[in-house]
Amino acid sequence: MTGTRLSLTSITVTAPDPRALADFYARLLGTEVAVSEPPGANEPPEAGWAQVRTDGPTLNFEYERNWQAPVWPAAPGRPHATQHLDVHVDDLGLAVAHAVEQGARLADFQPQEDVRVLFDPAGHPFCLFL
């Protein structure tokens, strides 16, 4: 490709309570919620939008009225994750314990020794890896 530069700056995650999920990821990653906006007119109290800035791409969280948590591993006829976040860690055991303390849940199925699949409070899978 020539003539233009493309640069990935952020990832947007939909959630039933985006401000709460942003708070989870801020605690998980040891940072703060940079922006938190309340629900718009005629939206429920859990709606809104939030942003967490990281050393990599910014994480944006937006309200999804019809949210259904994905099933992982995928199962026929069930919602499945089309993306997930990968977080590099120095100590997998300590990182998993920290994630669980912040509200994550460890998946029953673990596909690799150096990776741990967890679910955030809204049910999105994410991976911690060495």
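How many bridges join β1 to strand β4, and do the two run parallel or antiparallel? There are six of them, and β1 and β4 (residues 58-63) run parallel. Keep in mind that this is a predicted model. Here's a quick tour of the sheet, the hairpin and the two biggest pockets.

**The four-stranded sheet**
- β1, β4, β3 and β2 line up in that order to make an open sheet, and the pairing is mixed.
- At the edges sit β1 and β2 (33-37), each of which pairs on one side only.
- From one strand to the next, the twist averages 15 degrees.
- To find the register between β1 and β4, look at Ser10, which stands opposite Thr58 in β4.
- Helix α1 (residues 18-29) lies across β1, β2, β3 (49-52) and β4. Against β4, the helix runs at about 155 degrees.

**β6, β7 and β8**
- Strand β7 (residues 115-119) is mostly covered, with four of its five residues buried.
- On one pairing, β7 meets strand β6 (residues 105-106) in the antiparallel sense over two bridges. Here Leu106 stands opposite Leu118 in β7.
- β7 also pairs with β8, again in the antiparallel sense, this time over five bridges. Val115 is the residue to look for here, standing opposite Phe129 in β8.
- β7 and β8 make a hairpin with five residues between them. In that turn, Gly123 has a positive phi of about 100 degrees.

**The largest pocket**
- Its volume comes to about 350 Å³.
- There are 19 residues in the lining, and those nearest the centre are Val13, Thr82, Gln83, His84 and His124.
- β1 (10-15) and β8 (125-129) each put at least two residues into this lining. The largest share, four residues, comes from β1, the edge strand of the open sheet that pairs with β4.
- By residue type, the lining of the largest pocket splits into 10 nonpolar, eight polar and one charged.

**The second largest pocket**
- This one has a volume of about 290 Å³.
- It is lined by 13 residues, and Leu29, Thr54, Pro57, Asp86 and Val87 are the closest to its centre.
- Strand β5 (residues 85-88) gives the largest share of the lining, three residues.
- The lining of the second largest pocket divides into six nonpolar, four polar and three charged residues.

Methods: Residues are numbered from 1 along each chain as its sequence is written. This is a predicted model: local features need pLDDT of at least 70, side-chain atom pairs count only at pLDDT 80 or more; totals for chains, interfaces and linings use all residues. Side-chain values use heavy atoms; hydrogens and water are left out. On a 1 Å grid over the protein atoms alone, a cavity is a set of points where a 1.4 Å probe fits but cannot get out, and a pocket is an open set with protein on both sides within 12 Å along at least five of seven lines; lining residues have an atom within 4 Å of a point. Grid points are joined across faces, edges and corners, and a volume is the space filled by probe spheres set on the points. Ala, Val, Leu, Ile, Met, Phe, Trp, Tyr, Cys and Pro count as nonpolar, Asp, Glu, Lys and Arg as charged, and the others, Gly among them, as polar. Buried means under 20% relative accessible area, exposed over 50%, partly exposed in between (1.4 Å probe, protein chains only). Two strands pair if DSSP finds at least two bridges between them. Axes are lines fitted to C-alpha atoms, for helices over the stretch in contact, and angles run from 0 to 180 degrees between N-to-C directions. Contact means heavy atoms within 4.5 Å.
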